[in-house]
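Subject: Structure handover

Hello,

Here is the structure I promised to pass on. Please open it first, then read my notes below.

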Amino acid sequence: MTFDTLGLSPSLLRAIAEQGYETPSPIQARAIPLILAGKDVMAAAQTGTGKTAAFTLPLLQRLAGGPRVQPHRCRALVLTPTRELAAQVQESVRDYGRHDGVRSAVVFGGVNINPQIAQLRRGVDVLVATPGRLLDLHGQGFVDFRDLEVLVLDEADRMLDMGFIHDIRRIVTLLPTRRQTLMFSATFSGPITQLAQGYMQQPVRVEVSPPNATAETVQQWVYPVDKKRKPELLCHLVAAHGWDQVLVFTRTKHGANKLSQQLEQNGIRSVAIHGNKSQNARTRALADFKQGRIQALVATDIAARGLDIEQLPQVVNFDLPNVAEDYIHRIGRTGRAGAAGQAYSLVSADEADYLCDIERLICKTLPREEIEGFEPQHAVPRGRPTKARSAAPARGRQKPRGGPAAARDGAPTQARRRRRAGTGGSSAQTRGKGNTRTTSRGGRGR
Ligand code: AMP
């Protein structure tokens, strides 16, 4: 299939070609014609599937050539859970809409409000916003929704997870009832379906991959290691694999800062991003990372949400997330839009339950590999998955989460066998302990 079969305008096809996209991703192929036909669409698509273009392209087509937007008004509103995602969505709107003269702006908190007010004063076709700052601007009379035609809720599941439901409800009451509403979410949980029922008109559901499946293109490994040796193992992996660009996840802000310092002490250029950093610091860190000025970006889950770094070859879970669904979001940072990616999880004995929950959620037993010289003294037990864990508010989490995970049992897939066959490393030796084996300290050299 090619893009020109989807009913998109020549100017959009030109912009798509300039991006180097050749074929529509499955979510694009399914959603674009429906959105162009004016339907309300709720789409389950993981990050990295091309979902931003799936809603942005038809949105731009609808807006192009329309009436000139009045001061303070907007014709389409895209709500996102995080500032980083908001910035990236607007970047896509700009890129895809460059030949259509569509005016767009992005507003989010943590930065000076005045430039945002100035942009809104002229009116914009597409406004991308995080909920809090948008309500603030509306409360001060800087934005008027009476001409709004389309509402997009991007990463709706995450917005609920982050406690934005009340803000979303308030925003929706400010919008015209006659509008097109689009909702994109990694999963269709109960609360997401409820949200759709409340705000959408006979929505068409589009699901391109089973909910909660991890990206097919991401190869995943677990490296059992003692907790105190994790920083050392990470430094070793960076050196052994020659990683120039690695995204590392930690559970806490403090953990992110500490690890970043340890990496720096070991000669690995690193920056931490998390909710306590100013928006400018986060933007700068991301730009430095994208341009290769820093090797390791250490991030907490919330800070990393929405990061789109093209061809990010690997992510490392320095800590496992205590909410299993976050694992899917984390590894979705690599293997984007069909590119191959690798996700490595450094797992210590105290994280065995988290690992079980993740394996249960993704219906896959992750291959374990011990790295020579880092074999744990405290083995990582194969504990029992606790189905309830992901539904309960996790300790240490800052915001309330949404509904329970759709955890399903399932047999380990072919992936492990394929991956094992693919490693071919002569230094890897089976240790006869389940599927755990030892790999030489040299790593696999990828
Ligand atoms: P998203 O899921 O929207 O975050 O997109 C993930 C990445 O895929 C972004 O870097 C896009 O630029 C890229 N992308 C989107 N659509 C396509 C496509 N049809 N072909 C190749 N890359 C794409």
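Start with the open sheet. This is a predicted model, and in it 7 strands form an open sheet with parallel pairing. Their order is 3-4-2-5-6-1-7. Which strands stand at the edges? Strand 3 (104-107) and strand 7 (204-207) do. Each has a single partner strand, so one side of each is left without a neighbour in the sheet. Direction ignored, neighbouring strands are turned by 15 degrees against each other on average.

A helix covers part of this. Helix 5 (residues 114-122) packs on the sheet and touches strand 3 and strand 4. The direction of helix 5 makes about 150 degrees with that of strand 3.

Now look at strand 2. In the sheet order, strand 2 sits between strand 4 and strand 5. Strand 2 spans residues 74-79, and 6 of its 6 residues are buried. With strand 4 (residues 124-129), strand 2 pairs in the parallel sense over 5 bridges. Two pairs are easy to find. V78 has V128 of strand 4 as its bridge partner. L79 has A129, also in strand 4. On the other side is strand 5 (residues 150-153), which runs parallel to strand 2 and is joined to it by 4 bridges. Here L79 comes up again: L153 in strand 5 stands opposite L79.

Next, a helix pair. Helix 6 (residues 131-139) packs with helix 8 (residues 165-173). Their axes are 10 Å apart, at an angle of about 40 degrees. The two helices are therefore oblique to each other. The crossing of helix 6 over helix 8 is left-handed. Which residues make the contact? From helix 6 they are P131, G132, L134 and L135. From helix 8 they are D167, I168, R170 and I171. By type, the contact residues divide into 5 nonpolar, 1 polar and 2 charged.

Last, the chain as a whole. The protein chain has 446 residues, and 48% of them count as buried. Its secondary structure comes to 16 helices and 16 strands. How much of the contact total, at a separation of 6 or more, comes from residues 24 or more positions apart? They account for 78% of those contacts.

If you want a place to begin, go to L79. From there you can step to A129 in strand 4 or to L153 in strand 5.

Best wishes

Definitions and conventions:
Residues are numbered from 1 along each chain as its sequence is written. This is a predicted model: local features need pLDDT of at least 70, side-chain atom pairs count only at pLDDT 80 or more; totals for chains, interfaces and linings use all residues. A residue is buried if 20 or more other C-beta atoms lie within 10 Å of its own, exposed if 12 or fewer, and partly exposed in between; C-beta atoms are placed from the backbone. Two residues are in contact if their C-beta atoms, placed from the backbone, lie within 7 Å. Two strands pair if DSSP finds at least two bridges between them. Axes are lines fitted to C-alpha atoms, for helices over the stretch in contact, and angles run from 0 to 180 degrees between N-to-C directions. Angles under 35 degrees count as roughly parallel, over 145 as roughly antiparallel, 65 to 115 as roughly perpendicular and the rest as oblique. A crossing is left-handed if the near helix is turned anticlockwise from the far one by less than a right angle, and right-handed if clockwise. Ala, Val, Leu, Ile, Met, Phe, Trp, Tyr, Cys and Pro count as nonpolar, Asp, Glu, Lys and Arg as charged, and the others, Gly among them, as polar.
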